[in-house]
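Here is a friendly walk through one protein chain, going from the overall picture to a few local details. Keep the structure open beside you as you read.

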Amino acid sequence: MAADPRSALPSVDRILRSEPGRRAAASLGRPLLKVELAEVLAVARDRVARGAEAPPADLLLAEAAHRASVVATGLTPVINATGVILHTNLGRAPLPLDAARTVARTAVAASDLEVERASGDRSRRTARAERLLCALTGAEDALVVNNCAAALVLGLTAIAKGKQVPVSRGELIEIGGEFRIPDILRASGATLVEVGTTNRTRVSDYRDALGPRTGAILKVHPSNYRVVGFTAAPSATSLAKLARGHGVPFLYDVGSGLLDADATIPGEEPDVVGALADGADLVTCSGDKLLGGPQAGIVVGSAELVRRLRRHPLARAVRVDKMQVAALEVVLRMVATERSGEVPVVRMLRESADAVRRRAVRLAGLLDGELEGAHVERSDAVVGGGAMPEVTLPSWAVHVRRRSPEDLAARLRTGAPSVFSRVEDDAVVLDLRTVAEEQVPDLARAVLYALEGDDDLDED
Ligand SMILES: *Cc1c(COP(=O)(O)O)cnc(C)c1O
């Protein structure tokens with residue numbers, strides 16, 4: 001009988017025991033390399049069974065080591081040259097350096113996270129941030145949780161579980177893959193009552209939906225899309241009045257985390273102070289959108305309602321960790337001391353097009369000589385991250401023309417430093433609004449490195 005051709009393949013253990021295998025295991029971690037090897041070998045066995053030749057052990061090891069290194073390299077800083085300020089897949093808001101330093105300092109040591117130093121009494125980890133939020137928004141009380149979705153689930157659970165919550169059909173939105181308002185309501189044990197239509201909803205639609213089982217009225221800012229044309233939505237003020245008349249709370253999810261109206265920021269985002277002034281009993285928003293802080297969910301509003309949320313058992317399940325607390329405190333302090341211009345997201349939103357253009361010219365200058373075909377051109381940056389869908393910010397970009405720009409974009413992503421760009425027609429577009437001044441030399445180096453060995457000479 002002929003020997004099974006699969007026996008020509010080495011075992012996982014034999015590869016791991018070999019000298020190159022031991023070296024790879026030392027740097028990548030043996031458990032990780034082992035599972036990758038097992039998978040690579042399973043595929044190879046399959047192929048061999050179907051008549052392919054058995055690949056040599058070093059090739060199998062190289063393949064497994066490559067796959068392991070993608071994981072072992074871990075979370076990697078990248079340069080965001082996409083022109084999308086709040087890029088959810090790139091981690092949304094980059095923190096101010098001060099905030100990151102405080103995070104690092106408090107992360108490696110014990111801290112007064114939940115204790116008052118003077119009295120030695122126990123305190124809450126979010127008390128300082130919540131005090132700042134009250135001071136900044138004028139709210140009676142505030143609560144900080146893990147993210148805005150958690151804030152909504154907690155709020156609806158604590159206030160409207162087992163009850164009905166009318167929401168406009170125009171606001172049954174999805175934000176990101178897993179966040180859908182109807183699902184959030186279901187998870188909270190509240191019953192969604194859809195009112196109005198996608199484009200037009202009136203106060204009377206809400207009024208008709210109110211009854212003895214109503215637990216709250218919820219308004220959600222459709223932060224990542226706009227219904228344009230023949231539209232109508234009742235003002236927050238009129239919904240607040242309706243809710244008050246019916247004796248139920250009015251919850252307003254503004255989402256994007258603009259604390260106060262800011263004329264220097266384009267677009268018409270609802271802000272927390274405005275939502276409270278309109279009569280919202282609870283307002284929820286994210287920490288890592290327009291506020292420019294860490295991931296967090298912020299709730300502000302009536303003392304009685306915030307207390308109910310704080311005391312709900314779910315609050316513990318959605319609490320923030322100390323690194324989020326540290327970063328949020330620093331960012332809120334910056335806002336409170338009129339230093340919000342130092343928050344990267346705010347800087348990116350406010351910077352003049354001219355300042356961005358100068359940065360683009362600087363980048364092009366650094367590429368010049370090495371690279372013909374780098375052009376400085378007008379660009380449109382966007383806010384992203386589920387904020388201001390219709391607003392573009394005038395920006396400037398360096399275009400690098402290639403016959404296959406997708407290839408260059410891919411090399412940029414896997415380079416060091418890694419760069420994320422846009423591809424438009426025949427060019428890789430590097431938008432400078434989302435690139436910090438101090439990143440420009442690194443960005444230039446990354447581009448030149450990615451172009452090295454590139455035989456695409458289709459530059460004009
Ligand atoms: C972004 C957003 C959320 C979700 O916020 P996370 O902090 O990502 O959980 C909820 N509601 C609105 C209106 C949003 O814009």
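## The chain as a whole

The chain contains 18 helices and 15 strands. Please keep in mind that this is a predicted model. Taken along the principal axes, the C-alpha atoms fill a box of roughly 85 × 60 × 55 Å.

Of the 460 residues in the chain, 48% are buried. Contacts often reach far along the sequence: among those between residues at least 6 apart, 73% join residues at least 24 apart.

## Helices 2, 3 and 4

Let's begin with helix 2, which covers residues 19–28 and packs against helix 3 (residues 30–49). The angle between these two helices is about 120°, and their axes are 7 Å apart. Helix 2 and helix 3 are therefore oblique to each other. On the helix 2 side, the residues that meet helix 3 are Gly21, Ala24, Ala25 and Leu28; their counterparts in helix 3 are Arg30, Leu32 and Leu33.

Helix 2 also packs with helix 4 (residues 57–72), here at an angle of about 5° and with the axes 10 Å apart. That makes helix 2 roughly parallel to helix 4. Helix 2 contributes Pro20, Gly21, Ala24 and Leu28 to this contact, while helix 4 brings Leu61, Ala65, Ala68, Ser69 and Ala72.

Is Ser27, another residue of helix 2, buried or exposed? Its relative accessibility is 60%, so Ser27 counts as exposed. If you would like a sense of distance, the C-alpha atoms of Ser27 and Tyr252 are separated by 50 Å, and the two residues are 225 residues apart along the chain.

## The nonpolar cores

The largest nonpolar core has 47 residues. Which of them touch the most other members? They are Leu133, Ile217, Phe250, Val272, Val283, Val300 and Leu332. Helix 14 (residues 322–336) supplies the largest share of this core, with eight residues.

Ile217 is a good residue to click on. Leaving aside neighbours within four places in sequence, Ile217 is in contact with Pro166, Tyr206, Leu210, Leu239, Leu242, Ala243, Val248, Pro249, Phe250 and Leu251. Another core, of 31 residues, lies apart from the largest one, and its members include Leu218, Val220, Ala315 and Val318.

## A four-stranded sheet

Further along the chain you will find an open sheet of four strands, ordered 11-12-15-14 and paired in the antiparallel sense. Strand 11 (374–382) and strand 14 (422–424) form the edges, each pairing on one side only. From one strand to the next, the twist averages 40°.

Inside the sheet, strand 12 (residues 392–401) and strand 15 (residues 427–431) are joined in antiparallel fashion by five bridges. Ala397, for instance, has Asp431 in strand 15 as its bridge partner. Helix 17 (residues 405–414) packs on the sheet, where this helix touches strand 12, strand 14 and strand 15. The direction of helix 17 makes about 45° with that of strand 15.

## Polar contacts of Arg401

One more stop in the sheet is Arg401, which lies in strand 12. Which side chains does the side chain of Arg401 reach through polar contacts? One is that of His375, joined by a polar contact of 3.4 Å. Another is the side chain of Glu377, with a polar contact of 3.4 Å.

How values were computed:
Residues numbered from 1 in each chain as written. Predicted model: local features only at pLDDT ≥ 70, side-chain atom pairs only at ≥ 80, totals over all residues. Heavy atoms only, no water. Pairing = 2+ DSSP bridges. Axes fitted to C-alpha atoms, helices over the stretch in contact; angles between N-to-C directions. Contact = heavy atoms within 4.5 Å. Polar contact = N/O pair within 3.5 Å; in protein donor to acceptor, adjacent residues only side chain to side chain. Core = buried A, V, L, I, M, F, W, Y, C linked by side-chain atoms within 4.5 Å. Buried < 20%, exposed > 50% of the residue type's maximum accessible area, 1.4 Å probe, protein only. Parallel < 35°, antiparallel > 145°, perpendicular 65-115°, else oblique.
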